[in-house]
Amino acid sequence: MPSDWRLNGFYDGTKLTGLFEAAQRRESCRAFSAAPDSEQWNALLAAADELAMPGVRIALGICDNSLFQPLMGLLMKFENVQRFAAVMTTDDKPHSVVNAGISGEMFLLHAAELGLGGCWVSGTYKHGQVGLKTGEGEKIVSLIALGRPKNQPEAPINRKRKEMAALCPDFDRLDPALKEVAQYVRIAPSAINLQPWRMKLESPSSLSVSVGRPGQRLDLGIALCHALLALGSTPALFSISENGQSATIERL
Ligand SMILES: Cc1cc2nc3c(=O)[nH]c(=O)nc-3n(C[C@H](O)[C@H](O)[C@H](O)COP(=O)(O)O)c2cc1C
């Protein structure tokens, strides 16, 4: 598997402490009391630039709540969404979608660090109503609804997640650093909460994370963001398969 992936060394592990903590507090927020204030907005603009990996652009936009009204019924209702981020790929490479998942989740966790709430939204928005200019070859892979949360998350967060044994049957055999990786992947968000990740011990020091379908490459990226945060400054090499559906994390 090629290991010249730009993810290696892209983020400075020593600067990610706040995001590591935010990942533990994060849950999807769909009800907002207000838009981010100007200071938060400026911090988001800077983060959108800094955190976007090659092949990815994150643009911020202004909207009203009708952008997020699901067409069918009241399921997953959104309330008072006034701002969003659009996570875009700028080329057709399979791993750019994975990069988009990593970059978007870093961005969402940065928003959480600023005291904001947010939610990935790739399905339940009106695709024709986004109103952002996209450059040639750019494609929106998901929106992220953003704002000041109406209610703060209550600790401890009760997450609906699969058993670890289903996500990572080898869990008991992992070393402590890779156990932390698996636990951080488990709390990551995923589309329709499918948690499509399968983690496998490939050698005593390497763990693979895979998804079954091309449409799940964004979820793979989100999981890899969590893996990176769990590792912190533990040296590791990430590699990705040609089809962008599998990545290996090798502890060095
Ligand atoms: C790629 C992606 C797409 C998502 N799309 C939607 C969506 O269209 N509408 C929605 O209400 N929630 C959406 N979600 C939020 C998930 O439903 C949510 O992350 C999942 O249920 C887990 O809950 P948690 O984020 O609170 O841990 C999406 C999440 C991800 C990661």
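# Exercises on a two-domain model

The shell around the ligand takes at least three residues from domain 1 (13–149) and at least three from domain 2 (164–251). The model is predicted. Work through the exercises in order.

## Exercise 1: the ligand shell

Task: Find which residues come nearest to the ligand, and which elements give two or more residues to the shell.

Solution.
- Step 1. Start with the shell. There are 19 residues around the ligand.
- Step 2. Pick out the nearest. These are Met-76, Trp-120, Gly-123, Pro-189 and Asn-193.
- Step 3. Look for elements that supply two or more shell residues. They are strand E4 (117–121) and helix H6 (217–231).
- Step 4. Sort the shell by class. It has 9 nonpolar, 7 polar and 3 charged residues.

## Exercise 2: where the domains touch

Task: Describe the contact between domain 1 and domain 2, and state which element gives the largest share of the domain 1 side.

Solution.
- Step 1. Fix the bounds. The domain assignment gives domain 1 as 13–149 and domain 2 as 164–251.
- Step 2. Take the C-alpha centres of the two domains. They lie 22 Å apart.
- Step 3. Count each side of the contact. Domain 1 gives 21 residues, and domain 2 gives 19 residues.
- Step 4. Stay on the domain 1 side. Helix H1 (17–25), helix H3 (94–113) and strand E5 (139–149) each supply at least two residues there.
- Step 5. Find the largest share. It belongs to H3, with 10 residues.
- Step 6. Sort this side by class. It divides into 12 nonpolar, 8 polar and 1 charged.

## Exercise 3: H3 and its partners

Task: Decide how H2 and H1 are each oriented against H3.

Solution for H2.
- Step 1. Read the geometry. Helix H2 (residues 38–51) packs on H3 at about 155 degrees, and the axes are 9 Å apart.
- Step 2. Apply the cut-off. Angles over 145 degrees count as roughly antiparallel, so H2 is roughly antiparallel to H3.
- Step 3. Add the handedness. H2 and H3 cross in a right-handed way.
- Step 4. Name the residues. Leu-44, Ala-47, Ala-48 and Leu-51 of H2 meet Ser-103, Met-106, Phe-107, His-110 and Ala-111 of H3.
- Step 5. Sort them. The contact has 7 nonpolar, 2 polar and no charged residues.

Solution for H1.
- Step 1. Read the geometry. H1 and H3 pack at about 85 degrees, with axes 8 Å apart.
- Step 2. Apply the cut-off. The range from 65 to 115 degrees counts as roughly perpendicular, so H1 is roughly perpendicular to H3.
- Step 3. Name the residues. H1 brings Gly-18, Leu-19, Ala-22, Ala-23 and Arg-25, while H3 brings Met-106, Leu-109, His-110, Ala-112 and Glu-113.
- Step 4. Sort them. This contact has 6 nonpolar, 2 polar and 2 charged residues.

## Exercise 4: H5 against H6

Task: Classify the packing of H5 and H6, then list the residues that make the contact.

Solution.
- Step 1. Read the geometry. The axes of helix H5 (residues 176–186) and H6 come within 8 Å and cross at roughly 140 degrees.
- Step 2. Apply the cut-off. Roughly antiparallel needs an angle over 145 degrees, so H5 counts as oblique to H6.
- Step 3. Add the handedness. H5 passes H6 in a right-handed crossing.
- Step 4. List the H5 side: Ala-177, Glu-180, Val-181, Tyr-184 and Val-185.
- Step 5. List the H6 side: Ala-223, His-226, Ala-227, Leu-229, Ala-230 and Leu-231.
- Step 6. Sort both sides together. The contact divides into 9 nonpolar, 1 polar and 1 charged.

Note on methods:
Residues numbered from 1 in each chain as written. Predicted model: local features only at pLDDT ≥ 70, side-chain atom pairs only at ≥ 80, totals over all residues. Near = placed C-beta within 6 Å. Helix = DSSP H or I, 4+ residues; strand = E, 2+ residues; numbered from the N terminus. Nonpolar A, V, L, I, M, F, W, Y, C, P; charged D, E, K, R; others polar. Domains from an automatic or database assignment. Contact = placed C-beta atoms within 7 Å. Axes fitted to C-alpha atoms, helices over the stretch in contact; angles between N-to-C directions. Parallel < 35°, antiparallel > 145°, perpendicular 65-115°, else oblique. Left-handed = near helix turned anticlockwise from the far one by under 90°.
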